[in-house]
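Visitor: I'd like to go through this chain with you, a bit at a time. Could you put it up so that we can start with the surface?

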Amino acid sequence: MTTNTTSTIDTASATATAVAERSRLDFAKAAPKVFRALIGFDAAARAGLDPALVELIQIRASHLNHCAYCLHMHTNDARKAGESEDRLHMVAVWREARHFFTEKEQAALALTEAVTLVADAGVPDDVYAEAAARFTEEELAQVIALILTINTWNRVALSTAKVAGTDERR
């Protein structure tokens with residue numbers, strides 16, 4: 001029975017991938033200069049930040065944006081970097097599970113939510129102040145840049161109908 005279930009999932013994934021590939025453009029091929037600029041922006045944003053923090057930020061923004069493609073990619077990257085399953089499961093409900101995260105990570109997650117959902121209420125002063133208290137000015141700029149990049153990547157993946165489980169990084 002497991003084989004049939006796995007086979008059905010693989011077939012459905014292949015079908016979804018084929019449909020997505022036919023109906024949406026390949027952003028990297030259609031806008032290579034923009035794509036390379038995004039890769040450069042992403043690399044610059046994450047420079048000097050703790051890799052675990054980078055993945056937590058990317059995972060939380062991907063949750064909020066409903067980007068399954070990026071969520072799958074970044075949870076896998078976090079696992080490869082040694083992140084625990086417990087923490088990965090708690091990112092979506094970090095406020096209810098604060099003890100899984102440091103105060104610095106909590107400040108970054110709150111800022112990630114505020115910036116990602118900026119149209120809802122802007123970035124509240126208290127959220128910004130907490131992040132500013134936990135990060136140096138340079139780190140805070142890097143965190144904000146990282147939040148901007150993952151939001152951009154989420155929008156690219158959603159616009160072009162990227163399918164979760166088909167990590168296409170080259």
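Guide: The chain exposes about 9,600 Å², and carbon and sulfur atoms supply 59% of that area; accessible areas come from the Shrake-Rupley method with a 1.4 Å probe, and for residues only the protein chains shown count as cover. This is a predicted model, in which local features need pLDDT of at least 70 and side-chain atom pairs count only at pLDDT 80 or more, while totals for chains, interfaces and linings use all residues. Residues are numbered from 1 along each chain as its sequence is written, and side-chain values use heavy atoms, with hydrogens and water left out.

Visitor: How many helices and strands are there in the chain?

Guide: The chain has ten helices and zero strands, and read along the sequence it follows the pattern α-α-α-α-α-α-α-α-α-α. Helices (H or I, at least four residues) and strands (E, at least two) are DSSP runs, numbered from the N terminus.

Visitor: And what share of the residues counts as buried?

Guide: Of the 170 residues of the chain, 38% count as buried, where buried means under 20% relative accessible area, exposed means over 50%, and partly exposed lies in between (1.4 Å probe, protein chains only). As for contacts, meaning heavy atoms within 4.5 Å, residues 24 or more positions apart account for 68% of those in the chain with a separation of 6 or more.

Visitor: Let's talk rings. How many aromatic pairs are there?

Guide: The count comes to two aromatic pairs, under a rule by which rings of Phe, Tyr and Trp (its six-membered ring) pair if their centres lie within 6.5 Å, with planes under 30 degrees apart counted as stacked, over 60 as edge-to-face and the rest as tilted. Phe27 and Phe35 form an edge-to-face pair, 6.5 Å centre to centre with 65 degrees between the planes. Phe35 and Trp153 also form an edge-to-face pair, at 5.5 Å centre to centre and 75 degrees between the planes.

Visitor: Which helices hold Phe35 and Trp153?

Guide: Phe35 lies in helix H3 (residues 32-46) and Trp153 in helix H10 (residues 137-159), so the pair ties together parts that are 118 residues apart in sequence. Phe27, Phe35 and Trp153 form one aromatic cluster. Within that cluster, Phe35 is partly exposed, with a relative accessible area of 21%, whereas Trp153 counts as buried at 17% relative accessibility.

Visitor: Switching to charges, how many salt bridges does a search of the whole structure find?

Guide: The search finds nine, a salt bridge being a side-chain nitrogen of Lys or Arg within 4 Å of a carboxyl oxygen of Asp or Glu. One of them joins Arg134 to Glu103, with the closest N and O atoms 2.9 Å apart; this pair links distant parts of the chain, since Arg134 is in helix H9 and Glu103 in helix H7 (residues 103-116), 31 residues apart. Arg134 is partly exposed at 32% relative accessible area, and Glu103 counts as partly exposed at 48%.

Visitor: What about Glu139 and Lys104, how far apart are they in sequence?

Guide: The side chains of Glu139 and Lys104 meet in a salt bridge of 3.5 Å, N to O. Glu139 lies in helix H10 and Lys104 in helix H7, so this pair ties together parts that are 35 residues apart in sequence. Glu139 is partly exposed, with a relative accessible area of 24%, and Lys104 is partly exposed at 32%.

Visitor: Back to Arg134. Which residue in helix H9 is four residues apart from it?

Guide: That is Glu130, separated from Arg134 by about one helical turn, and the two form a salt bridge whose closest N and O atoms are 2.8 Å apart. Glu130 counts as partly exposed at 34% relative accessibility. Elsewhere, salt bridges that share partners join Arg60, Arg95 and Glu113 into one network.

Visitor: One more residue: is Glu83 buried or exposed?

Guide: Glu83 is buried, with a relative accessible area of 13%, and is found in the loop between helix H5 (68-80) and helix H6 (85-90). A polar contact of 2.5 Å joins the side chains of Glu83 and Arg87; such a contact is a pair of N or O atoms within 3.5 Å, where within protein one must be able to donate a hydrogen and the other to accept it, and residues adjacent in sequence count only if both atoms are side-chain atoms. Leaving aside neighbours within four places in sequence, Glu83 is in contact with Ala52, Leu56, Ala78 and Leu88.
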